[in-house]
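Dear colleague,

I am handing over the structure we spoke about, and below it you will find my notes on what was found in it. Please read them with the model open beside you.

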Amino acid sequence: MLPRRLAAPAATWERDVDVVVLGSGAAGLSAALAVRPVRSVLVVTKDILSAGSTQWAQGGLAGVLDPTDSIEDHVRDTLEAGAGLCDEAVVRELVTEAPKAIRYLMRLGAAFDPEQGGTDVALTREGGHSHNRIVHSGGDRSGAEVQRTLDESAVGAGVEVMGHAFALDLVMGTAPDGERQVVGVRIGKTDEHGLLVSVGIVNARAVVIASGGYGQVFASTSNPPAVTGDGVAIALRAGLPVTDVEFVQFHPTVLWRGPDAWGQQALISEAVRGEGAILFDAAGERVMTGVHPLEDLAPRDVVAAAISRRMAEAPGGVDDHVYLDATHLGERFYTRFPSITEACREIGLDPAVDRIPVAPAAHYACGGIRAGLDGSTSLRGLYAVGEVSATGVHGANRLASNSLTESIVSGTWVGRDLAWEVPDRMPVAVDVDDPLDHPLLDTARLREVRAVMSRHVGVVRDAGSLAAAAGALGSIARSMCPPARIGDVVEPHGGVQPSVEPSRRTWEATNILTVATAMVAAALARTESRGCHRRSDHPEPRPEWRHHLDVRLDAAGAISVEDR
Ligand SMILES: Cc1cc2nc3c(=O)[nH]c(=O)nc-3n(C[C@H](O)[C@H](O)[C@H](O)COP(=O)(O)OP(=O)(O)OC[C@H]3O[C@@H](n4cnc5c(N)ncnc54)[C@H](O)[C@@H]3O)c2cc1C
């Protein structure tokens, strides 16, 4: 059984604000900036400002800026990538707002790369896009420029930030009209190593979750260490359904650094294929020939599945990587892709001369907390924006570079709405329980969880691999125990069970196990292949499956899946 609260000692401090934002990536800072002029806002973030995925984005932001491109084409490309599960009206809203979001960032000071020898912004292309419509910065440092711009704007606007502050759970209660309402968030303040310093409550009229995705649920991912699915786990523990969590986008090309590489891996952006790079297998055969009309620029799920298949079919056993050849770019590679050049040089490769070894790895969470593009959720006082949310934009698979744009649009919209109006302060009867009664996962078991997910729930799944994953995660969950209380005698054999201490690492480990369990349940239930969810035992999409799956955590800590 999974815990319904994250274990932590009693709160010793309180704060009151109008709006609290959980996370300081593109979505969280956009929200805080928009709400700041008229309301008190506090950004709570578990590390430094730039610890999320935003800082690492390479390709850029998608938006229709070229007169020969059109909103309709961007909508069509997004719907096609989403494989029948996008909400077309929401896609249209996002795509229409995208050029404004890009111009807004430029007004805030973001420097996007100009066309060669010109002053207009350069537009490039990524997999699944029918036009050049991606703006980028510093070659492949687009996310770092977005994060820098928003960090500086937030500081300039006087947004208050509480760093090294871990959002544990929502504070909830029942309003006089009988409706459930969020009235704040429980925070674990830590030192910079993640050790617990104190626990407090931030009371707020609106809580905006902007905590990013969950790439770190897998052993190998493009996501930085902070991206551990905390927001999705918080929502599950609050009794909210999360949706589409089986749709994890695996990036086809992360740098393969050897069989023992673990954790965050350097991304070899799709823009490299946009500039003409080609995938080859170990035998020197092209991987994408005959697979898709767009060949190496096919949508990500198609490329990742083709690479996985080619690796599995390798003569003499399974290969663990293929190669990306960008040598036609010569030394232009260094200036167009400076971070990738750096990552290649770290392992002794020169991308202007050598083929780059690559393999698929977990990259983007298409699913999450069900929310509108304006961040609204089904729970009064709760909002979700950015990668943690599932708004209907991405459906079963995200179109490249739509996510940063979505984070800016959603974040700004929720901020503007909350500047206009926040839920009333009502005399809510707040739920009371003792979080120390709930178990935490020992970090020693975390490696096992992530290895299970990469081995059994990767690019291609089947009923057998998913059942094995469910069994392994269940047995790991049974090993969890509550933290010791003062006065407990902790003995390894007999007496009180060995205990784990509340800290950033054990909270993250517990959240990762919770999200992994939800993801496996949804992946088992969806007996078809659609978008980035590929089942080798059900290789085709099935019309009766053209709907969403909601996953919930019940009061006893069990996961259930229902059709929506
Ligand atoms: C390598 C890489 C390349 C990418 N390239 C592109 C691209 O080119 N174009 C594109 O559109 N998208 C790209 N993406 C995806 C894109 O970067 C993300 O979808 C987007 O940045 C998400 O923004 P966000 O604000 O929702 O989350 P994040 O930027 O991940 O921020 C989440 C924030 O929440 C904080 N947080 C998490 N849990 C807690 C907690 N419990 N308590 C307090 N704080 C918490 C984190 O510390 C962080 O500050 C890429 C992603 C990666 C990893």
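Helix pairs

This is a predicted model, and I begin with helix 11 (residues 446-456) and helix 12 (residues 463-478), whose axes come within 9 Å and cross at roughly 170 degrees. Since an angle over 145 degrees counts as roughly antiparallel, helix 11 and helix 12 are therefore roughly antiparallel to each other. On the side of helix 11 the contact is made by Glu448, Val449, Val452, Met453 and His456, which meet Ser465, Leu466, Ala468, Ala469, Ala472, Leu473 and Ile476 in helix 12. Sorted by character, the residues of this contact between helix 11 and helix 12 comprise nine nonpolar, two polar and one charged.

The other pair to look at is helix 1 (residues 26-35) with helix 10 (residues 402-420), where the axes come within 7 Å and cross at roughly 30 degrees. An angle under 35 degrees counts as roughly parallel, and helix 1 and helix 10 are therefore roughly parallel to each other; the crossing of these two helices is right-handed. From helix 1, the residues Ala26, Ala27, Ser30, Ala31, Ala34 and Val35 take part, and they meet Leu404, Ser407, Ile408, Gly411, Thr412, Val414, Gly415, Arg416, Leu418 and Ala419 in helix 10. The residues of the contact of helix 1 with helix 10 divide into ten nonpolar, five polar and one charged.

Tyrosine 104

Tyrosine 104 is placed in helix 3 (residues 88-108). If its neighbours within four places in sequence are left aside, tyrosine 104 is in contact with Leu33, Ile408 and Thr412; of these, Ile408 and Thr412 also appear among the residues of helix 10 that helix 1 meets. Tyrosine 104 has a relative accessible area of 22% and is partly exposed, given that buried means under 20%. Between the C-alpha atoms of tyrosine 104 and leucine 373, which lie 269 residues apart along the chain, the separation is 18 Å.

Strand 2 and its partners

Strand 2 (residues 41-44) sends Val41 and Val43 one way and Leu42 and Val44 the other way, and all of them are buried. With strand 1 (residues 13-22), strand 2 pairs in the parallel sense over four bridges, and here valine 20 stands opposite leucine 42. Strand 2 also pairs in the parallel sense with strand 5 (residues 160-162), over three bridges, and in that pairing leucine 42 stands opposite glutamate 160.

The five-stranded sheet

A further set of five strands forms an open sheet of mixed pairing, in the order 18-16-10-22-23. Strand 18 (389-390) and strand 23 (559-563) stand at the edges with a single partner strand each, so one side of each is left without a neighbour in the sheet. Within this sheet, strand 10 (residues 242-243) and strand 22 (residues 549-553) pair in the antiparallel sense over two bridges, with valine 242 opposite valine 551. Helix 5 (residues 230-237) packs on the sheet, where it touches strand 10, strand 16 (368-370) and strand 22, and its direction makes about 70 degrees with that of strand 22. Helix 13 (residues 504-525) likewise packs on the sheet, touching strand 22 and strand 23, and its direction makes about 40 degrees with that of strand 23.

With best regards

Key. Residues are numbered from 1 along each chain as its sequence is written. This is a predicted model: local features need pLDDT of at least 70, side-chain atom pairs count only at pLDDT 80 or more; totals for chains, interfaces and linings use all residues. Side-chain values use heavy atoms; hydrogens and water are left out. Axes are lines fitted to C-alpha atoms, for helices over the stretch in contact, and angles run from 0 to 180 degrees between N-to-C directions. Angles under 35 degrees count as roughly parallel, over 145 as roughly antiparallel, 65 to 115 as roughly perpendicular and the rest as oblique. Contact means heavy atoms within 4.5 Å. Ala, Val, Leu, Ile, Met, Phe, Trp, Tyr, Cys and Pro count as nonpolar, Asp, Glu, Lys and Arg as charged, and the others, Gly among them, as polar. A crossing is left-handed if the near helix is turned anticlockwise from the far one by less than a right angle, and right-handed if clockwise. Buried means under 20% relative accessible area, exposed over 50%, partly exposed in between (1.4 Å probe, protein chains only). Two strands pair if DSSP finds at least two bridges between them.
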